[in-house]
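Work through the exercises below with the structure open beside you. Try each task before reading its solution.

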Amino acid sequence: MSGVTRLPEGFDEAFDPLFGRAFRVARRILGDDAAAEDVAAEAMARAYAHWGKIALQPWREGWVVRVSSNLALDAVRKRSRTSSAVVDTEVEDDDVVIRLALADALSLLPRRQREVVVLRHLGGLSEAECAQALRVSPGAVKTHLHRGLAALRTRLGPVMNLEGAASHG
Amino acid sequence: MADRDWPVATPRDEMLARVAARGTRIRAVRGALNALAVMTVVGASTLGVGAALRAVSDSSPSTEVDNVAIGPEPPTLSVPGSSSNPSVTVSGGGSSSSTPGSAVGSTTSTSEPSGTAPGGSITSSTSGRTGTTSSSTSSSSTPGTSTTATSAPDTTVTSTSQAPTTTVPAPEVSNLRFKADGVYTGQSVCHEAEATVAVEITGADAAVLKWNRAGRTHRVEMVAEENLWSASIGELEDRATDVPVVITVEAMGPGGTTYESAIVEVADCSPLPSAPSESEA
């Protein structure tokens with residue numbers, strides 16, 4: 001830690017687990033280690049900037065996962081806009097198609113449903129952790145999760161199996 | 001702890017340094033935006049307060065008086081007993097002996113022993129920031145009171161405005177009336193007579209009399225004798241006696257400034273034989 005000065009108190013200790021969470025959720029959305037690394041770094045930089053507010057909060061891990069997932073979804077949308085031709089030529093890559101379809105479907109969900117689905121199935125948080133991160137009741141998490149997954153099934157159809165993705169997470 | 005669970009290719013310390021640098025920039029930008037927002041809010045509120053203070057302090061009624069006097073003369077402002085019907089009013093102080101009276105206005109001359117009030121009425125409104133209030137009051141009350149001098153005190157409405165932050169009472173203006181040839185003429189003035197406005201003011205250091213006539217605004221400093229302040233408005237130069245004159249007394253004192261506006265009619269005090277008839281008009 002010689003190269004970094006004036007780190008906020010507790011940030012160094014919390015950096016590894018938070019960065020790992022941010023990286024994993026970003027990689028699930030992006031499917032690209034390098035891009036996920038950049039997204040996780042940006043999420044942690046924002047956590048650094050807001051560390052005074054989130055450091056002692058029990059929902060700080062959920063906060064970082066939410067930021068990371070939102071950044072990853074933005075990156076997917078940006079990527080699909082700027083390089084749609086490339087994606088079309090590589091349509092045989094089912095993984096890319098699924099990720100793009102998932103990102104589009106997630107972006108169409110209501111904000112709360114999207115956050116619950118991302119935290120639960122991409123971030124790997126439990127329902128209780130999701131409730132703590134979003135500061136809602138566990139019952140509300142179940143409701144949003146149910147509705148969000150139903151909407152994703154309707155939109156994605158046979159493209160992907162959500163239950164399987166969640167269990168693999 | 002090192003890099004055992006470290007998930008990415010970039011070394012942990014390097015990533016932490018990168019995150020810290022980027023986080024510091026985010027924090028700086030956020031602080032600058034917050035400061036800018038605060039400065040904007042403070043600046044806007046300062047401008048708003050300044051404008052409000054200017055609006056409060058700039059409560060001179062001269063503007064609305066000008067509007068009343070300069071604007072087109074509505075027919076409702078015509079005073080009964082003017083050139084079209086000169087017999088209604090009784091002559092004022094232009095010449096104390098000339099009190100022709102008339103069949104209609106006889107009650108006026110008998111009700112005031114001095115015989116000087118020619119049935120004019122005076123309607124005062126004070127420092128209202130809406131000139132329309134003043135003008136509407138005058139147009140409605142003047143015709144009704146012009147034929148009877150005894151009703152004049154009842155129709156006089158006086159109020160004062162004070163500086164809101166001062167504890168010293170603002171000057172009080174009362175008993176505004178005219179004087180000609182040393183004789184109080186009540187609340188109207190003859191059109192060819194030298195007239196003086198006299199008013200009782202308490203708590204004032206200075207007073208200014210303003211009035212409009214023929215589209216021009218006149219202004220003269222008032223002179224005090226104890227609480228009695230007076231100023232000459234001279235001889236009203238035209239004979240448009242059907243147009244009331246708006247006068248304003250601006251009394252300034254340590255407690256603020258009090259404005260009292262009054263609409264006073266100009267009476268045609270010419271003797272009946274020489275009074276202009278309707279056909280001449």
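**Exercise 1. The chain contact**

Count the residues of chain B and of chain A that are in contact with each other, then sort the chain B side by residue class.

*Solution.* The model is predicted. Start with the count: 17 residues of chain B are in contact with 17 residues of chain A. Now sort the side of chain B that touches chain A. It holds 9 nonpolar residues, 2 polar and 6 charged.

**Exercise 2. The largest nonpolar core**

Find how many residues the largest nonpolar core has and which of them have the most contacts inside it. Then trace which helices supply it.

*Solution.* Step one: the largest nonpolar core has 49 residues. Those with the most contacts inside it are A:Ala22, A:Ala26, A:Ala40, A:Met44 and A:Ala72.

Step two: list the helices that each supply at least two residues of this core. From chain A they are H1 (11-30), H2 (33-49), H4 (60-82), H6 (94-108), H7 (111-122), H8 (127-134) and H9 (138-156). Chain B adds its helix H1 (12-57). The largest share, 10 residues, comes from H2(A).

Step three: zoom in on A:Ala26. Leave out residues up to four places away in sequence. A:Ala26 then touches A:Ala36, A:Val39, A:Ala40, A:Ser68 and A:Ala72.

Step four: look for another core. One of 24 residues lies apart from the largest core. Among its members are B:Leu176, B:Val246, B:Val249 and B:Val264.

**Exercise 3. Two helices of chain A**

Check the length of H7(A) against its expected span. Is H7(A) largely enclosed or largely open? Then list the buried residues of H8(A).

*Solution.* H7(A) has 12 residues. From first C-alpha to last it reaches 15 Å, close to the 16 Å expected at 1.5 Å a residue.

Next, burial. In H7(A), 10 of the 12 residues are buried, so the helix is largely enclosed by the rest of the structure. The buried set includes the charged residues A:Arg114, A:Glu115 and A:Arg120. Just after H7(A), A:Gly124 takes a positive phi of about 75°.

In H8(A), the buried residues are A:Glu129, A:Cys130, A:Ala131, A:Ala133 and A:Leu134. A:Arg135 follows H8(A), and its phi is also positive, near 60°.

**Exercise 4. One strand residue**

Place B:Ala180 in its strand. Why does B:Ala180 count as buried?

*Solution.* B:Ala180 lies in strand S2 (residues 172-180) of chain B. B:Ala180 counts as buried because it has 22 C-beta neighbours inside 10 Å, and the cut-off is 20 or more. Finally, compare sequence with space. B:Ala180 and B:Ser232 are 52 residues apart in sequence and 9.4 Å apart in space, C-alpha to C-alpha.

How values were computed:
Residues are numbered from 1 along each chain as its sequence is written. Chains are lettered from A and ligands numbered from 1 in the order in which they are written. This is a predicted model: local features need pLDDT of at least 70, side-chain atom pairs count only at pLDDT 80 or more; totals for chains, interfaces and linings use all residues. A nonpolar core is a set of buried Ala, Val, Leu, Ile, Met, Phe, Trp, Tyr and Cys residues joined through C-beta atoms within 7 Å. Helices (H or I, at least four residues) and strands (E, at least two) are DSSP runs, numbered from the N terminus. Two residues are in contact if their C-beta atoms, placed from the backbone, lie within 7 Å. The expected span of a helix is 1.5 Å times one less than its number of residues.
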